[in-house]
Amino acid sequence: MEAYNFLKLKPLLVHALLLSLSLIASFANAETHYRKFVVQDTPVKRLCRTPHVMTVNGQFPGPTLQVRNGDTLIVKVLNSGRYNVTLHWHGVRQLRNPWADGPAYVTQCPIQPGATYTYRFTIENQEGTLWWHAHSKWLRATVYGALIIYPKIGCPYPFPKPTHEIPILLGEWWNRDPMSVLRQAQFTGAAPNISDAYTINGQPGDLYSCSSHGTARFAINSGDTILLRIINAAMNQQLFFQVAGHQLTVVEADAAYTKPFTTSTLMLGPGQTTNVLLTANQAPGRYYMAARAYASASPNVPFDNTTTTAILEYRSASRTAMPILPQLPAFNDTATVTRFTSQIKSLSEVKVPTKIDENLFFTVGLGFLNCIPGPRCQGPNNTRFAASMNNVSFVLPRKWSLLQAYYQSIPGVFTTDFPPVPPVKFDYTGNVSRALWRPVFYTKVYKMKFGSSVQIVLQDTAIFSTEDHPMHIHGYEFYVVGQGFGNFNPRTDPAKFNLVDPPLRNTIDVPVGGWAVIRFVADNPGVWFMHCHIDSHLTWGLAMAFLVENGEGELQSIVPPPADLPPC
Ligand code: C2O
């Protein structure tokens, strides 16, 4: 009797077993990664000084996260440091999940000393090199790391498989706690002190005194193909990058594949990433990779003009051979930048929005506040520095994040009247009248309907000096359909737009004294920060935020906030 029942049940059991196996198989590819990030005060020795700076888990740069497309990350952050902190996953779309995005007072209140917050998010249809960094005050100077997203298992790269991969994090180093650099600048109103060094993977390299023992070295074999995953994590500076004697084939930018092209020079704005293939096809030897400033503002604006290096060494080469230095472009070589950026195109044809619902025009540039001469009035000609978009210098709220205020309908935190076009039209890149140098200070967002097709013309201004601004949008990637110099001309410039294979990016370097036009579909509800990724400019207010409303559909609303969302 029992045997009979069992036999009758067996096909059912087998069926159930097969079903659950196939379910497991379909999820087996997606993994959940648990990480603990302790933000802590750490003595870090560089250039023979040992300032105490914030790090994650005592590491500088912080840990590299390696995941696959489709994976989930659960990062528990414990703030053991002395400052409020948040973390941002730069370039991760965070679909419907702005609570995990991280910018302080935009999507969350900061994690206070002693407190924890867990970032939970899934990588959805993204692969390539991204990174994570602190997003509160100037903590990101030392609190950052690579976030590498590999394709799903069984999905190859759309380029020859490299022999190995090397993350290259370009950074900026001060011989003191960067938070005190910020504090000083906020007190005086002047530009913050320039950095003391640039770094590759946290090390300034051989060209600085008291530094060569730590220089990053990468051993390779002749014939290897190496994928360099380059991240510009510097605070305030666009950087040129080269490897002596070697050509670089660009295959990806901001975690989007590009049509491969070969170049000797890269330029990355802060926030941007670029993947390149390098073939070890030179005489076995030691070659410097090097980065230094692309400084586009007028020559009297000070910048750190030092050069950071690391060493690429062929295993068969003599250990004592002097490494060869590359010939980096002049610091103001905009022609090289234009030649480089104009070659970046999407790998294949893409679907660019053509019917535009939101046609926006944002000026990006500096500004000034007149002040009474004194210690708090150290900007040029009795001013304090400011910066703005459409003349609004962005002010962060203090008691609520914008997202919480929106979600809980808390009045008085922000207004939704961010101007879609500049309040006054002027010759943006010409000789701007001083009467237009003073911005207004508000917390304004721009509200958009779910699913709107958006075009933004980003226009540099000549207030104080024209300058290349790396503009970053949270929660989105966008197509860069056009770029140019001077004032954008709405009659003639659209004819030159690339609507076939424009690059998809999360950070666009708006050309110095020029413009860039970007397009995207507002398909991710929430509050999303848009700002210049030069932190001195961000500090001065070169930012705004989009409020993308929920859609009607089932998967078109933001998810509820996590229970441990920090209070202000
Ligand atoms: Cu990588 Cu809001 O920034």
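Strands are DSSP runs of at least two residues, numbered from the N terminus. The legends below refer to a predicted model.

**Figure 1. The loop between strands E2 and E3, with Pro61 and Asn57.** Pro61 sits in the loop that runs from strand E2 (52-56) to strand E3 (65-68). The peptide bond between Phe60 and Pro61 is cis, with omega at about -10°. Asn57 belongs to the loop between E2 and E3 as well. The phi angle of Asn57 is positive, about 55°, although Asn57 is not a glycine. Most residues other than glycine have a negative phi, and most peptide bonds are trans. Asn57 has a relative accessible area of 30%, so this residue counts as partly exposed.

**Figure 2. Asn382 in the loop between strands E20 and E21.** Strand E20 covers residues 358-370 and strand E21 covers residues 383-389, with Asn382 in the loop between them. Asn382 is not a glycine, yet its phi is positive at about 55°. Its relative accessible area is 38%, and Asn382 is therefore classed as partly exposed.

**Figure 3. Tyr479 in strand E27 and the residues around it.** Strand E27 spans residues 478-485 and includes Tyr479. Tyr479 counts as buried because its relative accessible area is 15%, and buried means under 20%. Setting aside neighbours within four places in sequence, the contacts of Tyr479 include Ser346, Val350, Lys351, Val352 and Pro353. Pro502, Pro503 and Leu504 are also among them, as are Val517, Ile518 and Arg519. Ser346 is 133 residues from Tyr479 in sequence, while their C-alpha atoms are 9.0 Å apart in space.

**Figure 4. Ser393 in strand E22 and its contacts.** Strand E22 consists of residues 392-394, and Ser393 is part of it. Is Ser393 buried or exposed? Ser393 is buried, because its relative accessibility is 1%. Apart from residues up to four places away in sequence, Ser393 touches Ala387 and Ser388. Its contacts also include Pro439, Val440, Phe441 and Tyr442, together with Trp540 and Gly541.

**Figure 5. Residues 1-14 and residues 21-26, two stretches with pLDDT under 50.** Residues 1-14 stay under a pLDDT of 50, and the model gives them one contact beyond four places in sequence. Residues 21-26 are also below 50, with zero contacts beyond near neighbours in sequence. Where pLDDT is low, the predicted coordinates should not be read in detail. Across the protein the average pLDDT is 95, and 95% of the residues score at least 70.

**Figure 6. The whole protein, as the setting for the close-up views.** The protein contains five helices and 32 strands. Its C-alpha atoms fill a box of roughly 100 × 65 × 55 Å along the principal axes. The radius of gyration is 24 Å, which agrees with a compact globule of 568 residues, because such a globule would have a value near 24 Å. Of the 568 residues, 58% count as buried. Among contacts between residues at least 6 apart in sequence, 80% join residues at least 24 apart. The accessible surface is about 23,000 Å², and carbon and sulfur atoms account for 55% of that area. There are 44 positive and 36 negative side chains, and the centres of these two sets are 4 Å apart.

Terms used
Residues numbered from 1 in each chain as written. Heavy atoms only, no water. Helix = DSSP H or I, 4+ residues; strand = E, 2+ residues; numbered from the N terminus. Rg over C-alpha atoms; globule rule 2.2 N^0.38 Å. Buried < 20%, exposed > 50% of the residue type's maximum accessible area, 1.4 Å probe, protein only. Contact = heavy atoms within 4.5 Å. Areas by Shrake-Rupley, 256 points an atom, 1.4 Å probe, with all protein chains shown as cover. Lys, Arg positive; Asp, Glu negative; His and termini not counted. Charge placed at Lys NZ, Arg CZ, Asp CG, Glu CD. pLDDT = per-residue confidence, 0-100.
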